[in-house]
Amino acid sequence: MDMLRRFRVLFYIGALIACMFAAACSGGSDSVADWREGDIFIDMPSPPPSGELDPPAASRAEESPFEFLPFIQPAGPFSRLTGLPIYEEYLNRRPFAAVINNSARALPQSGVASADIIYEVLAEGDVTRLVGIFQSYIPEKLGPMRSARDYFIDFALNHDALFIHHGASTSGYSRIHSLRITNLDGMALEGSVFWRDRTYPDWAFNSGTRPLEHSSYTGNERLFNHISNRGIRDYWPEDARAYGFSFVHGSDRSQQAESADIGGGQAYVVTVPFSQLYARRFVFDPETGLYTAENRHGLHMDAETGEPVTVGNILVQLTNMRVVDGVGRRAVETVGEGTGYLISGGRYQPVRWDKDSHTAPMRWYFPDGTPLTMPPGRVWICVFQASGNVIFE
């Protein structure tokens, strides 16, 4: 935790103590702030001035002190994608779903630490790709962008997200066209919405010049300018609950944990072996309640923040997949039903999922059929072969 985060933590602890002292001195008078079993109602900061597309980096959602002080509960509003505080004007903003290159020569990526949700799945061969869902904060630089596969589009449709990619496989373009998906393609929009950057950060293990196929980027200003100029819908429908998750806050979370027979077991270190050459690893930090993502090179770093990517919740979606051509492209079953795991707070437990069609949102359940609820936090979803073995330690 850097000095800025430590300062914020100390600030909110001080605020908590001051509020408790004020409440005690008031003798329960009506002038005391509204309380709710152990929760504190705190006003959210005002939205940025008009003309600014997003709050400055220092106020990004990933910098929120509430991730480190779970006993403090702001009044909201809360993101439907993470359960974390979000600016009111962004609550129903239509998300972007970005296909992000995860090849070794593409690392480190830009913007991944800002994603509300990250999907990870094999593309072809032994390498995964990421599909990041961005709503709370749209990075100024996002990428490197990569080409789409047909099942990536289903991940975007789970959240009614605008689909961003640079090229696609034949089956990917077929699904885009057949479902009439609103998409922003770098093959057509390079130079306007997309640009090239072939440099690496000085601290990165990669050096020299990025190969051209790992150098496509987009970002906040260009994305919003494009959808505004084209009149593309940039908001969710009135009832958008199906596009997010259900989260349990404050005392409700404690009561659920005490009453639920969650099953599963310890999950302080989680390894998802996507292939013989590539495994995703998550390490739990009891102090923050977050999991740090690691790849085959160590910490999974964000080039813009210079920090590792962390999430509060991990979902493993077990499904059938098979290789369909000599290049190693895969068919991945995203429609139907199956099992998986929820990993959170140092434990794992079994869950179930179902999806009625390519355009329908994914639904998650506990084994008894109860709709899935999670503690607030960003979500990493590993779409993993049903025949594989996830390792919990």
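Strands β4 and β5 form a hairpin with 5 residues between them, and Gly125 in that turn has a positive phi of about 65°. Strands here are DSSP runs of E of at least two residues, helices are runs of H or I of at least four residues, and both are numbered from the N terminus. This is a predicted model, in which local features need pLDDT of at least 70 and side-chain atom pairs count only at pLDDT 80 or more, while totals for chains, interfaces and linings use all residues. Residues are numbered from 1 along each chain as its sequence is written, and side-chain values use heavy atoms, with hydrogens and water left out.

## The β4 neighbourhood

Let's stay with this hairpin for a moment. β4 covers residues 117–122 and β5 covers residues 128–134, and the two pair in the antiparallel sense over 6 bridges. Two strands count as paired if DSSP finds at least two bridges between them. In this pairing, Ile117 stands opposite Ile133 of β5. β4 also pairs with β24 (residues 379–385), here in the parallel sense and over 4 bridges, with Glu120 opposite Cys382.

How many of the residues of β4 are buried? The count is 6 of 6, where buried means under 20% relative accessible area with a 1.4 Å probe and protein chains only (exposed is over 50%, partly exposed in between). Ile117, Tyr119 and Val121 lie on one side and Ile118, Glu120 and Leu122 on the other, and both faces are covered.

Phe134 belongs to β5 and is buried, with a relative accessible area of 0%. Contact means heavy atoms within 4.5 Å. Leaving aside residues up to four places away in sequence, Phe134 touches a set of residues including Pro95, Phe96, Ile100, Pro139 and Leu142. The C-alpha atoms of Phe134 and Leu81 are separated by 9.2 Å, although the two residues are 53 apart along the chain.

## A second hairpin

Another hairpin joins β13 and β14, with 4 residues between the strands; Gly289 in the turn has a positive phi of about 75°. These strands, β13 and β14 (residues 290–295), pair in the antiparallel sense over 5 bridges, and Phe282 has Ala293 as its bridge partner in β14. β13 is also antiparallel to β12 (residues 269–272), over 4 bridges, and there Val269 stands opposite Val283. β13 (residues 280–285) has a covered face made of Arg280, Phe282 and Phe284, and an uncovered one made of Arg281, Val283 and Asp285.

## Two buried polar residues

Asn313 and Ser110 each make a side-chain polar contact. A polar contact is a pair of N or O atoms within 3.5 Å; within protein, one must be able to donate a hydrogen and the other to accept it, and residues adjacent in sequence count only if both atoms are side-chain atoms.

| Residue | Relative accessible area | Side-chain partner and distance |
|---|---|---|
| Asn313 | 0% | Ser344, 2.9 Å |
| Ser110 | 1% | Glu304, 2.7 Å |

Asn313 sits in strand β17 (residues 313–319). Beyond its neighbours in sequence up to four places away, Asn313 touches residues such as Phe247, Leu342, Met374, Arg378 and Trp380, among others. Ser110 is found in the loop between β3 (96–100) and β4. With the same sequence neighbours left out, Ser110 touches Lys141, Leu142, Gly143, Tyr217, Asp302, Ala303 and Glu304.

## An enclosed helix and a cavity

Why is helix α2 described as largely enclosed by the rest of the structure? Residues 150–157 make up α2, and 8 of the 8 are buried, so the helix is largely enclosed. Among them are Tyr151, Phe152, Asp154 and Leu157.

The model has 1 cavity of 30 Å³ or more, and about 60 Å³ of space lies in the largest cavity. A cavity is a set of points, on a 1 Å grid over the protein atoms alone, where a 1.4 Å probe fits but cannot get out; lining residues have an atom within 4 Å of a point. The lining includes Tyr119, Asn158, His159, Trp364 and Ile381. It divides into 6 nonpolar, 3 polar and no charged residues.

## The whole chain

The protein has 6 helices and 25 strands. Of its 393 residues, 53% count as buried. Among contacts between residues at least 6 apart in sequence, 65% join residues at least 24 apart.

Methods
1 Å grid on protein atoms, 1.4 Å probe; cavity = no way out; pocket = protein on both sides within 12 Å on 5 of 7 lines; lining within 4 Å. Points joined across faces, edges and corners; volume = space filled by probe spheres on them. Nonpolar A, V, L, I, M, F, W, Y, C, P; charged D, E, K, R; others polar.
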